[in-house]
Amino acid sequence: MCGIVGYIGAEQAAPILLDGLSRLEYRGYDSAGVAVFDAQAGALAVHKAKGRLQVLSDQLHGGATLNSTVGVGHTRWATHGAPSDVNSHPQVSRSGKIAVVHNGIIENYTELKAFLVAQGVPFTSETDTEVVAQLIEYFYEGDILAAVGRVLRRIQGAYALGILCADCPGQLVAVRKDSPLILGYGQGCNFIASDVTAILRHTRRVGYMEDGELAVLTREGIQCYNHLIQPIEKEITTVDWEIDAAEKGGYEHFMFKEIMEQPEALRRCLSPRIRDGEAVFEGLSLPPDLLKHLHRIYIVACGSSYHVGVVGKYHLERLTRIPVEVALGSEFRYMDPIVDENTLVIVISQSGETLDTMAALREARRLGGHILSIVNVVGSSIARESDQVLYTWAGPEIAVATTKAYTTQLALLSLLALWLARELDTVSDEEYRATLAAFQELPGKMEEVLSRRDDIQYFASQYFNHNSIFFIGRNLDFALGLEGSLKLKEISYIHSEAYAAGELKHGTISLIEDGTLVVALSTYGRLFAKAMNNVVEVKARGADVLSLTTQSCREEVAHTADAVMTIPDIHQLLLPCLGVVPLQLFAYYVALMRGCDIDRPRNLAKSVTVE
Ligand code: M6R
């Protein structure tokens, strides 16, 4: 989704802005722009271009053509109005005095635009953002903060804003509501950014803006204000990510790097949480009353994080016998969810900024639920708004297609299920110990899977030309199929669907014909025989079957399937965590062979901050 970066200091702003934007490219965008204060002209200079950031950068010779020490930059992911130069940000007011970059959506922009048009204000773009720029100018009477304050009282929706005013070249104004924006504290310079990766080269000292807050940045410092424009103090946090963690480090793609990083990410996530034969969640204490009366669990998330929830439901229900409902963030609010103070709501998000998930969290909180989130990005909105947070510690994930965040979320949720079962006394001592031991084997076994990646590459070379691929499986394998299918379609653009294998015969089997590729998942021993029946069914209708199973079942599967991928045998709780790796690799190699832009798939954004 849109990316914002802003700089004020003593150095040339444009190269810093372009570099910052290049680090936000992974979020997804279709055009880019910058606005700087040109001291010689005494006015704002705005440059925008549709397409890759490189187009803009080439036009500006990497920023060398602009002479200024203050500016804002933006990568746009189109919502209102098609991708075009004119719809790109920054959007400027009629006189060119105000420039605005925006991430989010102004919901009441139509009525505000009508009001401004009636006052004779001409509009040039189709964006909701232009309304903000025009409205600031409309209210501006020499005090930019006061004008912004008046605008904020009128606009509705979600917004992170970076604002320049030609009359105040020594200031940059920032605003945040429901869209992420952080403040970066440098030495003689300060920053705003959509996330830390954009400014990590310049500073590790950041402040997280809260909803409704404003900030005025100068070279010397940052003053924050609440929604009533009263000064407030902001806590400064030091980010401990290494810069290398957000770089490709010799790999061709971030996605591949992140796939390969999974064993290490799992060690970081799990080792501190398994100590002396116990699952330990430091700082996690569910209220005793909740534990006593817990009668329902909701898991709320979007995309791959939702798929983690689907696996989690099986684990949690089996281990705790408490009913679990998994809901999509975008649906939760509208399904009249049954949440009360005896409900645990587990919110899962890599970015911690997904707006649908965030809105679901707020609804669950309003209804009285206890919110426990599983999040990767430290200090993100979802983490901060939850009653309790468990960080996955997977490190920065840049590729749009999530991999290491998925496996660490899944491992963490599985461990949480075991911990909860222990707290509720619904798991035997023997099962508890055996399962915990399996967690410790997980990273090593994953390394084994990764070391056999050439096999998967070979299968990808056999099947990359297919136009439609089905993933089938039962129970845990169905949940695994959902993720395998999403991974494949999002980066290779092959149509793909995941089905509960037993459901095929109720309709979808009519789509199976000679040569249709079916990826049949049968890692879950309890349902192995039934999964084999489904393989026979699709084979009988002409499907090519690529199977995924455990090493101990390999031979049996090889009698029926055309090709077999395997994972080492492991405790059933961890099968999906291990089983997803060959599916990630399969998606990666297929996309590679089809020449797709793997880290930046079309139309997608890394963090989806609009509804
Ligand atoms: O940051 P989140 O985990 O909240 O993101 C949720 C989805 O947008 C995300 O998982 C998406 O489906 C990924 N592109 C999948 O690879």
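Start by selecting helices α15 and α19, which are oblique to each other because their axes meet at an angle that falls outside the roughly parallel, antiparallel and perpendicular ranges. The model you have open is a predicted one, and this tour goes from helix pair to ligand to loops.

**First stop: α15 against α19**

Helix α15 covers residues 453-463, and where this helix packs on α19 the angle is about 50°, with the axes 8 Å apart. If you turn the view so that one helix lies in front of the other, you are looking at a right-handed crossing of α15 and α19. Now show the side chains of the contact: on α15 they belong to Arg453, Ile456, Gln457, Phe459, Ala460, Ser461 and Tyr463, while α19 brings Pro582, Leu585, Phe586, Tyr589, Val590 and Met593. Coloured by class, the residues of this contact of α15 with α19 are 10 nonpolar, 2 polar and 1 charged.

**Second stop: α14 against α19**

Keep α19 (residues 575-593) selected and add helix α14 (residues 429-451), which packs against α19 at an angle of about 25°, with the axes 10 Å apart. That angle makes α14 roughly parallel to α19, and the crossing of these two helices is right-handed. Which residues of α14 meet α19? They are Leu442, Lys445, Met446, Val449 and Leu450, and across from them in α19 you will find Cys577, Leu578, Val581, Pro582 and Leu585. The contact of α14 with α19 holds 9 nonpolar residues, no polar ones and 1 charged residue. Pause on Pro582 and Leu585 of α19, since these two residues are listed in the contact with α14 and also in the contact with α15.

**Third stop: α9 against α13**

Next select helix α9 (residues 303-320) together with helix α13 (residues 404-424), whose axes lie 9 Å apart and make an angle of about 20°. The two helices are therefore roughly parallel to each other, and α9 and α13 cross in a right-handed way. The contact includes, among others, Ser304, Ser305, His307 and Val308 of α9, together with Tyr406, Gln409, Leu410 and Leu413 of α13. By class, the contact of α9 with α13 divides into 12 nonpolar and 9 polar residues, with no charged ones.

**Fourth stop: the ligand**

Ser305, which you have just met in the contact of α9 with α13, leads on to the ligand, where it is one of the closest of the 14 surrounding residues, along with Ser349, Ser351, Thr354 and Glu490. Draw a distance from a polar side-chain atom of serine 305 to an oxygen atom of the ligand, and the value is 2.6 Å. For serine 351, a polar side-chain atom lies 2.7 Å from a ligand oxygen atom. What part of threonine 402 lies 2.9 Å from an oxygen atom of the ligand? Here the atom is a backbone N or O atom.

**Last stop: two loop residues**

Finally, select histidine 89 and proline 90, which are joined by a cis peptide bond with omega about 0°; proline 90 sits in the loop between β4 (70-76) and β5 (91-92). Then go to histidine 61, in the loop between α2 (53-59) and β4, and look at its backbone: phi is near 50°, a positive value in a residue other than glycine.

How values were computed
Residues are numbered from 1 along each chain as its sequence is written. This is a predicted model: local features need pLDDT of at least 70, side-chain atom pairs count only at pLDDT 80 or more; totals for chains, interfaces and linings use all residues. Side-chain values use heavy atoms; hydrogens and water are left out. Axes are lines fitted to C-alpha atoms, for helices over the stretch in contact, and angles run from 0 to 180 degrees between N-to-C directions. Helices (H or I, at least four residues) and strands (E, at least two) are DSSP runs, numbered from the N terminus. Angles under 35 degrees count as roughly parallel, over 145 as roughly antiparallel, 65 to 115 as roughly perpendicular and the rest as oblique. A crossing is left-handed if the near helix is turned anticlockwise from the far one by less than a right angle, and right-handed if clockwise. Contact means heavy atoms within 4.5 Å. Ala, Val, Leu, Ile, Met, Phe, Trp, Tyr, Cys and Pro count as nonpolar, Asp, Glu, Lys and Arg as charged, and the others, Gly among them, as polar. A residue is near a molecule or strand if one of its heavy atoms lies within 4 Å of it. A polar contact is a pair of N or O atoms within 3.5 Å; within protein, one must be able to donate a hydrogen and the other to accept it, and residues adjacent in sequence count only if both atoms are side-chain atoms.
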